Amino acid sequence: MRVRKIKGIEEKIEKVAGDKLILKPEDYKGKWHKIFGNYNPIFIEIGCGKGQFITGLSRMNRDINYIAIDKVEEILYKTALKLKNDYNLRLLLTDGRLLTEIFDENEIDGIYLNFSDPWPKNRHHKRRLTSIDFLNQYEKVLKKKGRINLKTDNSILFEYSLNTLAKRWKLENITLNYLYSDEIIDVETEYEAKFREKGNLIYRLEAVNTKEGE
Ligand SMILES: C[S@@+](CC[C@H](N)C(=O)[O-])C[C@H]1O[C@@H](n2cnc3c(N)ncnc32)[C@H](O)[C@@H]1O
């Protein structure tokens with residue numbers, strides 16, 4: 001995504017998001033229920049982009065807590081601009097690589113990866129959000145049987161993700177032509193809308209954390 005720099009972005013995002021933007025997320029490791037004031041399940045989206053998905057989903061499920069993560073301030077600002085009375089949603093300006101510094105083991109119920117940057121060159125594969133290094137972090141912060149829900153239009157990323165996930169995760173509901181169904185509560189993302197309009201196929205999968213323990 002090409003990003004136009006915004007002057008004074010730091011103050012702007014803080015002003016618009018207010019206390020929904022968590023400035024030092026590592027301070028809340030193991031204590032995210034305090035931020036939300038309840039013990040409801042917590043789902044995160046890594047690479048939330050402009051936020052259509054996470055703001056839509058959080059309004060559909062008020063008894064679930066959501067955390068939107070993006071590493072680019074100018075992009076997360078677009079999510080902040082969509083905020084209304086979203087008491088079950090928080091925003092983090094951080095890199096998904098830092099997940100285990102921010103969340104304790106078993107603190108998270110589910111992870112959404114929507115149209116993640118594909119990094120098509122083989123030498124960049126470690127940057128993909130489904131590389132083994134990322135999956136190892138997801139395995140820790142997710143509860144046993146916690147899920148990754150992934151959507152993409154990129155066949156290279158999808159094939160790669162199937163292979164990395166197949167090593168330790170239980171794969172379910174794999175589809176090479178994802179159309180909305182009543183069974184899956186879902187919201188279209190900005191990229192999804194764009195790719196559907198172009199006629200691209202959307203691939204989708206769910207991966208269940210098979211780790212031992214509670
Ligand atoms: C292609 S966009 C997709 C945005 C959105 N999910 C959608 O479907 O419309 C990918 C987003 O992921 C963010 N991103 C990429 N790598 C990231 C990382 N390691 N940590 C956090 N955000 C990341 C980018 O800044 C960008 O906003």
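Start with the sheet in this predicted model. Select its seven strands: they form an open sheet, and reading across it gives the order β3-β2-β1-β4-β5-β7-β6, with mixed pairing. The two edges of the sheet are β3 and β6 (169-175), each of which pairs on one side only. Looking across the strands, you will find a twist that averages 20 degrees from one strand to the next.

Stay at the β6 edge and add strand β7, residues 203-209. These two strands run in the antiparallel sense and are paired over five bridges. To see one bridge, pick Lys170, whose partner in β7 is Val208.

Now travel to the other edge, β3. Which helix lies across β2 and β3? Select α4 and you have it; α4 runs at about 170 degrees to β3.

**Into the interior**

Next, select helix α3, residues 52-60. Its buried residues are Gln52, Phe53, Ile54, Thr55, Leu57 and Ser58. What do they pack against? Show β1 (42-46), β2, α4 (73-81), β3 (89-93), β4 (108-114) and α8, and you will have the elements that meet the buried residues of α3.

From here, go on to the largest nonpolar core, which has 42 residues. Ile44, Ala68 and Ile111 are the members that touch the most others in this core. In soluble globular proteins, nonpolar side chains tend to be buried together. Zoom in on Ala68 and colour its contacts: leaving aside residues up to four places away in sequence, Ala68 touches Glu45, Cys48, Gly51, Ile54, Thr79, Leu89 and Leu91. One of these, Ile54, is also among the buried residues of α3. Then look for a second core, separate from the largest one: it has five residues, including Phe158, Tyr178, Ile202 and Tyr203.

**Around the ligand**

Select the ligand and show what surrounds it. You should see a shell of 21 residues, of which Gly47, Gly49, Phe115, Thr189 and Tyr191 are the closest. Two elements, β2 (65-70) and α8 (190-198), each give two or more residues to this shell. Which of the elements gives the most? That is α8, with three residues. If you colour the shell by residue type, it divides into eight nonpolar, six polar and seven charged residues.

**Three residues to finish**

Select Asp27 in the loop between α1 (9-17) and α2 (32-36). Is Asp27 buried or exposed? Asp27 is exposed, because it has 10 other C-beta atoms within 10 Å, and the cut-off for exposed is 12 or fewer. Draw a distance from Asp27 to Phe103: the two are 76 residues apart in sequence, yet their C-alpha atoms are 9.6 Å apart in space.

The last two stops concern the backbone. Most residues other than glycine have a negative phi. Asn106, in the loop between α5 (99-102) and β4, has a positive phi, near 65 degrees. Asn106 counts as partly exposed because 17 other C-beta atoms lie within 10 Å.

Now move to Lys145, found in strand β5, residues 142-152. Lys145 is not a glycine either, and its phi is positive, at about 70 degrees. Why does Lys145 count as exposed? Lys145 has 11 other C-beta atoms within 10 Å, so it is exposed.

Definitions and conventions
Residues are numbered from 1 along each chain as its sequence is written. This is a predicted model: local features need pLDDT of at least 70, side-chain atom pairs count only at pLDDT 80 or more; totals for chains, interfaces and linings use all residues. Helices (H or I, at least four residues) and strands (E, at least two) are DSSP runs, numbered from the N terminus. A residue is buried if 20 or more other C-beta atoms lie within 10 Å of its own, exposed if 12 or fewer, and partly exposed in between; C-beta atoms are placed from the backbone. A residue is near a molecule or strand if its C-beta atom, placed from the backbone, lies within 6 Å of it. Ala, Val, Leu, Ile, Met, Phe, Trp, Tyr, Cys and Pro count as nonpolar, Asp, Glu, Lys and Arg as charged, and the others, Gly among them, as polar. A nonpolar core is a set of buried Ala, Val, Leu, Ile, Met, Phe, Trp, Tyr and Cys residues joined through C-beta atoms within 7 Å. Two residues are in contact if their C-beta atoms, placed from the backbone, lie within 7 Å. Two strands pair if DSSP finds at least two bridges between them. Axes are lines fitted to C-alpha atoms, for helices over the stretch in contact, and angles run from 0 to 180 degrees between N-to-C directions.
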